[in-house]
Amino acid sequence: MLIKFKKLSQTAIAPNKSHYNDSGFDLYADEDVTLMYGETKVIQTNIAIELPDGYMADVRPRSGLTLNTSLRVHYGTVDATYRGSVGIICENAAYNMI
């Protein structure tokens, strides 16, 4: 299946697979963001995708990132009709110990 994508900025990084047999593509933030304790933001990839009718894409967390940091990536769904920038919902789950 061919999945078309478009970079919406000069600095956007194209989705790619780390290994040829990976089941999904890696997405990359196209902005530097600081999340304060307990804060949640949508981080833009500036990548738009074109999915075939009847299909959807998932944005999922990486298990190593979740295990080793307080960053939480929340599941997201991209429907076949959506043509905007794919966003990644991120939360800093750390607590301010001060």
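At 14% relative accessibility, S85 counts as buried, a word that here means under 20% relative accessible area, with exposed meaning over 50% and partly exposed in between (1.4 Å probe, protein chains only). The model is a predicted one, in which local features need pLDDT of at least 70 and side-chain atom pairs count only at pLDDT 80 or more, while totals for chains, interfaces and linings use all residues. Residues are numbered from 1 along each chain as its sequence is written, and side-chain values use heavy atoms, with hydrogens and water left out.

S85 is found in the loop between β6 and β7, where strands (E, at least two residues) and helices (H or I, at least four residues) are DSSP runs numbered from the N terminus. Its side chain makes a polar contact with the side chain of Q44 at 2.6 Å and reaches the backbone nitrogen of N46 at 3.0 Å; a polar contact is a pair of N or O atoms within 3.5 Å, of which, within protein, one must be able to donate a hydrogen and the other to accept it, and residues adjacent in sequence count only if both atoms are side-chain atoms. Not counting residues up to four places away in sequence, S85 touches L8, Q44, T45, N46 and I47, where contact means heavy atoms within 4.5 Å.

Stepping back to the protein as a whole, there are one helix and seven strands, which follow the pattern β-β-β-β-α-β-β-β along the sequence. Buried residues make up 22% of the 98 residues.

Among these strands, β4 and β6 (residues 76–79) pair in the antiparallel sense over four bridges, pairing being assigned if DSSP finds at least two bridges between two strands. M56 in β4 stands opposite D79 in β6. The side chains along β4 alternate, so that A57 and V59 point to one face and are buried, while M56 and D58 point to the other and are not.

In soluble globular proteins, nonpolar side chains tend to be buried together. The largest nonpolar core here (a set of buried Ala, Val, Leu, Ile, Met, Phe, Trp, Tyr and Cys residues joined through side-chain atoms within 4.5 Å) has 14 residues, of which I49, V78 and C90 touch the most other members. The elements that give two or more residues to this core are β3 (47–50), β4 (56–59) and β7 (87–92). Leaving aside its neighbours within four places in sequence, V78 is in contact with I49, L51, M56, A57, V59 and V86.
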